[in-house]
Amino acid sequence: AGAWFEWKIILSLLLTSYVLLFLGIVFSLKTLALRNKTMIGASLPMLVIFTSTILLHNVVDTPAYATLAAFGLSSIFCFFFVKSFEETGFRSQLLAGLFLGFLVLIRLETALIAGSLCIFLIVSKKWRFLKYLVLGGSLPLAILLVYNYSQFGTLFHSGILRGDINQLGLDPSYIYANLFNPKSGILFFSFFTFLGLIGVFLGDRKPLKALGIASLVLIALLLVRVPIMYKNMGGGTLNIGGILVTSPRTMEEALMLVRSDANRYVTVLSPFAILGLQNLIYYFWRLFRKEKHARDPIVV
């Protein structure tokens with residue numbers, strides 16, 4: 001009976017992951033279609049997934065983890081967030097907050113994305129949008145509080161934060177390992193995501209710039225949040241909050257740790273990057289057209 005119960009849990013996790021992966025692809029396409037009646041870049045979601053070693057690893061080897069679910073929820077949130085700038089109703093704003101809230105539940109670090117977007121809306125004086133975004137995000141928060149109370153007898157349970165597994169600090173070697181090292185850097189293992197996050201800043205589309213700023217904030221956390229296992233390379237086993245964690249024995253293993261840790265962030269930011277890649281296509285097409293018209297002979 002116990003084994004059957006475990007299989008039901010595993011099957012539920014697998015089903016949730018793959019359904020949200022599929023929905024993530026669908027909503028990425030829907031978001032791309034918001035820009036123009038003729039969709040440009042329909043192949044971009046699959047391009048990002050199949051060229052990212054990290055994303056493929058989660059699809060094939062570790063689908064029971066929350067990574068694919070995070071990709072799906074981020075894509076759905078991204079659609080409603082961008083759509084909120086295209087319409088006057090509050091429905092998309094409310095749903096953007098709802099799915100952003102669920103994203104924070106499964107990837108706590110994405111609270112930085114939520115906070116950054118709230119600040120962006122405050123600076124932009126979009127008070128109505130801010131109100132419905134917060135209202136939508138309140139439901140997942142309420143679910144968390146009810147769960148905490150039912151399981152632990154308190155609304156605010158800090159168990160997930162227990163154990164000092166990460167330390168904040170500026171470590172140039174760690175920053176380099178996350179971004180540019182050929183064995184672990186995002187530039188090599190998620191090149192199109194890296195490129196797309198640059199593309200969101202081109203042009204004047206406010207929702208893309210807001211997502212780009214939020215992405216930079218999250219990446220900044222990634223670069224300064226150094227796992228103590230990385231600093232304890234070759235130091236054997238560590239006791240972190242009562243859990244024994246093995247430190248990497250070599251630099252090779254340390255880089256694998258960095259690559260795996262970055263995965264959680266890269267996956268969440270991939271839907272933003274897909275929009276950035278579409279933005280790059282539009283940007284370079286406009287440059288090409290401008291250059292072409294400049295070279296056309298003037299007929300008198």
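1. **Start at F77.** This is a predicted model. Look past the four places on either side of F77 in sequence. F77 is then in contact with A96, F99, L100, L117, L211 and F272. Find these residues in the structure and you have found a good place to begin.

2. **The largest nonpolar core.** F77 belongs to a core of 61 residues, the largest nonpolar one. Which residues touch the most other members? They are F77, I113, L117 and L211. Two of these names, L117 and L211, also stand among the contacts of F77. Helix α4, residues 67-84, gives this core its largest share, with 12 residues.

3. **A second core.** Another core lies apart from the largest one. It has seven residues, including A177, V226, A254 and V258.

4. **A polar name inside.** Now turn to S17, in helix α1, which runs over residues 2-33. Is S17 buried or exposed? Its relative accessible area is 2%. The cut-off for buried is under 20%, so S17 counts as buried. Leaving out neighbours within four places in sequence, S17 is in contact with P63, A64, Y65 and L68.

5. **Cysteines without a bond.** How many disulfides does the structure hold? Zero. Why is C78 not in one? The closest cysteine sulfur, in C118, is 16 Å from the sulfur of C78, which is too far for a bond. A disulfide needs the two sulfur atoms within 2.5 Å. From the side of C118 the picture agrees: the nearest cysteine sulfur is that of C78, 16 Å away. C78 is also buried, with a relative accessible area of 1%.

6. **The whole chain.** Step back and count elements. The chain has 13 helices and four strands. Its radius of gyration is 21 Å, close to the 19 Å that the globule rule gives for 300 residues, so the chain is as compact as a globular protein of that length. The C-alpha trace spans about 85 × 45 × 40 Å along its principal axes.

7. **Contacts along the sequence.** Take the contacts in the chain with a separation of 6 or more. Of these, 71% join residues 24 or more positions apart. F77 and F272 offer one pair to look up in the structure.

8. **Inside and outside.** What share of the 300 residues is buried? The figure is 43%. S17 and C78 both count towards it, as buried residues. On the outside, the chain exposes about 16,100 Å². Carbon and sulfur atoms supply 69% of that area.

Conventions: Residues are numbered from 1 along each chain as its sequence is written. This is a predicted model: local features need pLDDT of at least 70, side-chain atom pairs count only at pLDDT 80 or more; totals for chains, interfaces and linings use all residues. Side-chain values use heavy atoms; hydrogens and water are left out. A nonpolar core is a set of buried Ala, Val, Leu, Ile, Met, Phe, Trp, Tyr and Cys residues joined through side-chain atoms within 4.5 Å. Buried means under 20% relative accessible area, exposed over 50%, partly exposed in between (1.4 Å probe, protein chains only). Helices (H or I, at least four residues) and strands (E, at least two) are DSSP runs, numbered from the N terminus. Contact means heavy atoms within 4.5 Å. The radius of gyration is taken over C-alpha atoms; the globule rule is 2.2 Å times the number of residues to the power 0.38. Accessible areas come from the Shrake-Rupley method with a 1.4 Å probe; for residues, only the protein chains shown count as cover.
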